[in-house]
Amino acid sequence: MASKSKKSIALLLTAMMAVAAMAGCGGGGEPTVASKGGSTPASKAEGSGTASGSEVDINSPEIKAKILEQMKKEADAQGGEIKLKVWCATNDFAFEKSVVKKFQDEFLKDASFSIKIDVRNAIGEPDAGGKIIEQKDAGADVFNFADDQVSMMLDAGAIAEVPQIYKSNVVANNSPESVTAATLNDKLLCYPKSSDNGYFLYYDTDELTADDVKDFDTMIAKSKAKGKNVFMNFGDAWYATGFFFTAGVKIEYKNDVQTANFDTPEGLAASKAMCHIAESNENGFIGSPGTVGNNGFVEQGFKDGSLTAAVIGTWEGRQIKEILESKGHHLGAAKLPTVLMGGEQKQLHSFGGYKMVGVSNYSKFAFSAHTLANYLTSEEAQVARYRERNLLPTNTKALDAGMASDSDTNKIKDDVASKALQDQKEFAHPQGTTVSGKYWGIGVGTFGGDIVAKKGAMDDATLQGRLKDMQDNLK
């Protein structure tokens, strides 16, 4: 805070200078690869200086002046101008550009150096981590990504540790779970941005009731009777894996080794549950979005009335709500339904996780990149991101902030999607510490897609053979 003691401010500024000095040794050099190990909450990290949860007011005149001074040094060291490249998702492109502009117009209004920030949407969140490793100097300085990529980038030495001056605020202001997801080997490696990297059920309350959406069979039957469908993309491993979690298949990523015991009775039970639902494909259920992708398919389905419900995430919430309200209908959200598995209804599980903002360890403007990343994930930015993109914050203060309309007394935490995610949380598996990048290429999505294409007509021997193939693909 601006009222902090001079001693506290001096310590933070000293840490800031140390980070800047280290960054000056980089600029394309081979980064140091940190030792490997498990995840530890940053608030307990040795030497983090954040155990007290103290905050730093970076807008205070003294702190901000030092930040701008350090950014100027980076500019001077690189020919007088800072050049930053930002990667974000296509759907977030317009919003992220607006926050970057605000950063330049407001936070940097007193800057005595030139800065150019190039926001691009060619590399989305699912691919950012791998591309940062591959492209090195040609990659982004600041990038958005899903938390399951943290370990991969740490192992490759591609992601830069959050400096102390910003670490204090990240730890103090974000949920402990999101900070844990951003931390490996006692190092806070990125900035939590949103807490909704998971999926649940959106539905039209004028087509289905809260009781209807409790189990898949009822939803399908009610939708079929109306000539409509429920959507869940079985051909996407991110969604299909929920069935394996439900059955008790052990999917683990430990000590850089990915395992998944698909070739088991549990794996077969999960597969047969998918087959049971897929029997209704195009007749109460839709298991593939075709060539338009999940988002486009869901929007069109609610628009033309062919969908009653869809398993997807908050990024589509605002669009679905607007579509339904234009028809005089209303949006509902709930945890995932139960599925018939082994002769009984079992709660469907899911992945759960966070979206992050990271800084490349190859950046020539490391401190400036961290300053921008911190701004992009601040309380103000997270509230704005919710209002415009419906992405739920990790910042605990933002969660208590009002929604878009000043007359609306609801809070973000009372949003129907937020409640659905909270109800699903008990059955959600942490993506960042459960799967590695290798997992997505072993064929889970292809398997689910084939089940849909055959409308569930696959015998046990065929299913078991496919499960064995997926398990072998991990070796």
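Which side chains meet in a salt bridge at 3.0 Å, N to O? In this predicted model, they are the side chains of Lys214 and Asp211. Lys214 is exposed, and Asp211 is exposed as well.

**Salt bridges**

The structure holds 22 salt bridges. Three of the pairs are set out below, with the separation of the nitrogen and oxygen atoms.

| Lysine | Acidic partner | N to O separation |
|---|---|---|
| Lys214 | Asp211 | 3.0 Å |
| Lys222 | Asp212 | 2.8 Å |
| Lys321 | Glu325 | 2.8 Å |

In the salt bridge between Lys222 and Asp212, the closest N and O atoms are 2.8 Å apart. Lys222 belongs to helix H8 (residues 216-225), while Asp212 sits in the loop between strand E7 (200-204) and H8, so this pair ties together parts of the chain that are ten residues apart in sequence. The two partners can also be described by their accessibility. Lys222 has a relative accessibility of 39% and therefore counts as partly exposed. Asp212, by contrast, is buried, because its relative accessible area is 8%, and the limit for a buried residue is under 20%.

The salt bridge between Glu325 and Lys321 lies within one helix, H12 (residues 317-326). Because these two residues are four places apart in that helix, about one helical turn separates them. Glu325 is partly exposed, with a relative accessible area of 45%. Lys321 is likewise partly exposed, with a value of 39%. Elsewhere, Glu125, Lys193 and Lys355 are joined into one network by salt bridges that share partners.

**The surroundings of Lys438**

Where is Lys438 found? Lys438 is in the loop that runs between helix H17 (431-434) and helix H18 (444-453). Its relative accessibility of 42% places Lys438 in the partly exposed class.

Leaving aside residues up to four places away in sequence, Lys438 touches Asn473, Leu474 and Lys475. With one of these residues, Leu474, there is a specific approach: the side chain of Lys438 reaches the backbone oxygen of Leu474 at 2.8 Å. Lys438 can also be placed relative to a residue in another part of the sequence. Gln258 is 180 residues from Lys438 in sequence, yet their C-alpha atoms are 7.6 Å apart in space.

Notes: Residues are numbered from 1 along each chain as its sequence is written. This is a predicted model: local features need pLDDT of at least 70, side-chain atom pairs count only at pLDDT 80 or more; totals for chains, interfaces and linings use all residues. Side-chain values use heavy atoms; hydrogens and water are left out. Buried means under 20% relative accessible area, exposed over 50%, partly exposed in between (1.4 Å probe, protein chains only). Contact means heavy atoms within 4.5 Å. A polar contact is a pair of N or O atoms within 3.5 Å; within protein, one must be able to donate a hydrogen and the other to accept it, and residues adjacent in sequence count only if both atoms are side-chain atoms. A salt bridge is a side-chain nitrogen of Lys or Arg within 4 Å of a carboxyl oxygen of Asp or Glu.
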